[in-house]
Amino acid sequence: MDDFAYARPHDVEAALRLAAMPGSQFIAGGTNLIDLMKGGVEAPTRLVDITQVSGLAQIHELPGGAVRIGALATNADTAIHPLIRERHPLLAQALLAGASPQLRNLATAGGNLLQRTRCYYFYDKGFAACNKRDPGSGCAALEGFNRHHAILGASERCIATNPSDMAVALVALDAQVQLRSARGARQIPVSDFLRLPGETPQQDTNLAPGEIIMAVDLPPNRFAAHSHYLKVRDRASYAFALVSVAAALEVEAGVVRDSRVVLGGVAHKPWRIDTQGLIGRPLDPSALESLAGAALKDAEPRRHNAFKVELSRRALVRALSVAAA
Amino acid sequence: MSVSDRRPGTGYSRREFLQSAATVAGAATVPAGLASAASMIAEGSAGGAPTAVAKSLQLQVNGQPHELIAEPRLTLLDALREHLKLTGTKKGCDRGQCGACTVLVNGRRVNSCLSLAVMHENDEITTVEGLQSADGTLHPMQKAFLEHDAFQCGYCTPGQLCSAVALVEEVRKDPGRPKLTDEDIRERMSGNICRCGAYPNIVAAVREVLERG
């Protein structure tokens, strides 16, 4: 690992001032950043340790019923918090499907949103071509081993996928990211915070320079009774998703009143599915099949990941069936 | 990373050099207002770019205070093994994928390879060497691992033990009082890989300690 300077501020203002200095990067759990630094993919010259910044680790209810998850709340604490377990079980389920218990004890909500793709070619500097690591250098995954790569929303610049389970559930739950900078505060939906690769795959998120994630807010919803996170991976646990589905339904007297369905593991960000066709009718097999078919009609598989198209269809049907039960 | 390396041709030890650099840095290169806002800054300057400065670091490990001189890039794992000579904690993959380096930080299991030592100055760290009681009596989990033959080569065992001890604590603290099946135990131990495949016996050992309450 390259040398770097280290600073440990105690409040957000100091953290922002330190972060504004060239070469600075925030560190909290560090589970992805230190890994990337060991491989030389990330090389900050100053780490700003925000773990001692006060007031960023709480999970609490806001007036109006939204639940606020502080940026420093660990994935482990979030998954077992009563407000999350009872009101947003989909998020608890997604969090527990990710990483391992030891990693979840370190990993934070803010860091989870900022983690980088696990594309082998991004991670391995032995491959020169990676537009995400080195803009303009090409994409080794296009003609490489691309079993884990995107089938939706990719570009010729980058076919990497977002590795987060948490983010898939957050998009389904219409979560908002609370940001702060020296210029003030703003909020942005998680679905807009994360980006598709387009022409600038080096930019994973719409976090502006000098901004810090303060919290993630979950608005109230009626999905708690009918939600399910399904994760399909190469082994039973402790692996990234090949395909995942966050399914949330509001069902009243057997009729679907509202729903959110998001695919993970298939795109550069969680991929929202149009569920208009489910609303106002019972969730029958034909509705499920047509939703799943429409969701994948624009899929563009690569050499090694065509299986993800059919896998995604089946995962959508399964997740929605379980959620409805 | 050794602190006693001589820098060729200078006659300075690395430690002396870094200490004098730190003194200069404290006055000259930390922007006004930052030194007071940050409780701790390890930073020097070379041609305008920030550089790391090794500093004295206090770690509380297995109930004992330790002091070491470390650069910020020192991982908790390397601090334990290379500086404190607590080699019970193992380096497997060094990338957070195997769990061999699992230790307890304030009672919670973490991968020490993916955490910086400098970030743990206020924490209570427990390694496999600290699981037994002061009189040398093995921890119930250590006894259960012996009774159930829950290892073969033993390389992953220190991490498995720390992880299993934390697992039991997590269950005890859970207000839902979950009753774990063998499948649940496997899921909750999935961050610890065993190349010898001792999993059935590890599960049996964990189950026994859980059932004993």
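Two residues are taken to be in contact if their C-beta atoms, placed from the backbone, lie within 7 Å. With that criterion in hand, the tour of this predicted model begins at a helix pair in chain B.

**Stop 1: two helices of chain B**

Select residues 140-147 of chain B, which form helix α4, together with residues 157-173 of chain B, which form helix α5. Which residues meet here? From α4(B), B:M141, B:Q142 and B:F145 take part; opposite them, α5(B) contributes B:T157, B:L161, B:A164 and B:V165. Sorted by class, this contact holds five nonpolar and two polar residues, with no charged ones.

Now display the axes of both helices. Two packed helices are described by the angle between their axes and the distance between the axes. For α4(B) and α5(B), the angle is about 125° and the axes are 10 Å apart. Because of that angle, α4(B) counts as oblique to α5(B). The crossing of α4(B) past α5(B) is right-handed.

**Stop 2: where chain B touches chain A**

Show both chains and select the residues that form the contact: chain A supplies 34 residues and chain B supplies 34 residues. On the chain B side, colour α2 (34-37), β1 (38-42), β3 (49-51), β7 (108-111) and α6 (182-188), the elements of chain B that give two or more residues to this side. Which element provides the largest share of the side of chain B that touches chain A? That element is β1(B), with five residues. Recolouring this side of chain B by class gives 15 nonpolar, ten polar and nine charged residues.

**Stop 3: the sheet in chain A**

Hide chain B and select the open sheet of chain A, in which five strands follow the order β4-β5-β8-β6-β7 with antiparallel pairing. The edges are β4 (59-61) and β7 (184-189) of chain A, each of which pairs on one side only. On average, neighbouring strands of this sheet are turned by 25° against each other, direction ignored.

Zoom in on β4(A) and on β5 of chain A, residues 67-70, where three bridges join the strands in the antiparallel sense. One position to label is A:I59, whose bridge partner in β5(A) is A:I69.

Next, add helix α1 of chain A, residues 12-19, which packs on the sheet and touches β6 (176-181) and β8 (212-218) of chain A. The direction of α1(A) makes about 125° with that of β8(A).

**Stop 4: the domains of chain A**

Finally, show the whole of chain A and colour by the domain assignment: domain 1 covers 1-48 and domain 2 covers 227-324. Taken over C-alpha atoms, the centres of these two domains of chain A are separated by 37 Å.

Notes:
Residues are numbered from 1 along each chain as its sequence is written. Chains are lettered from A and ligands numbered from 1 in the order in which they are written. This is a predicted model: local features need pLDDT of at least 70, side-chain atom pairs count only at pLDDT 80 or more; totals for chains, interfaces and linings use all residues. Helices (H or I, at least four residues) and strands (E, at least two) are DSSP runs, numbered from the N terminus. Ala, Val, Leu, Ile, Met, Phe, Trp, Tyr, Cys and Pro count as nonpolar, Asp, Glu, Lys and Arg as charged, and the others, Gly among them, as polar. Two strands pair if DSSP finds at least two bridges between them. Axes are lines fitted to C-alpha atoms, for helices over the stretch in contact, and angles run from 0 to 180 degrees between N-to-C directions. Domain bounds come from an automatic or database domain assignment. Angles under 35 degrees count as roughly parallel, over 145 as roughly antiparallel, 65 to 115 as roughly perpendicular and the rest as oblique. A crossing is left-handed if the near helix is turned anticlockwise from the far one by less than a right angle, and right-handed if clockwise.
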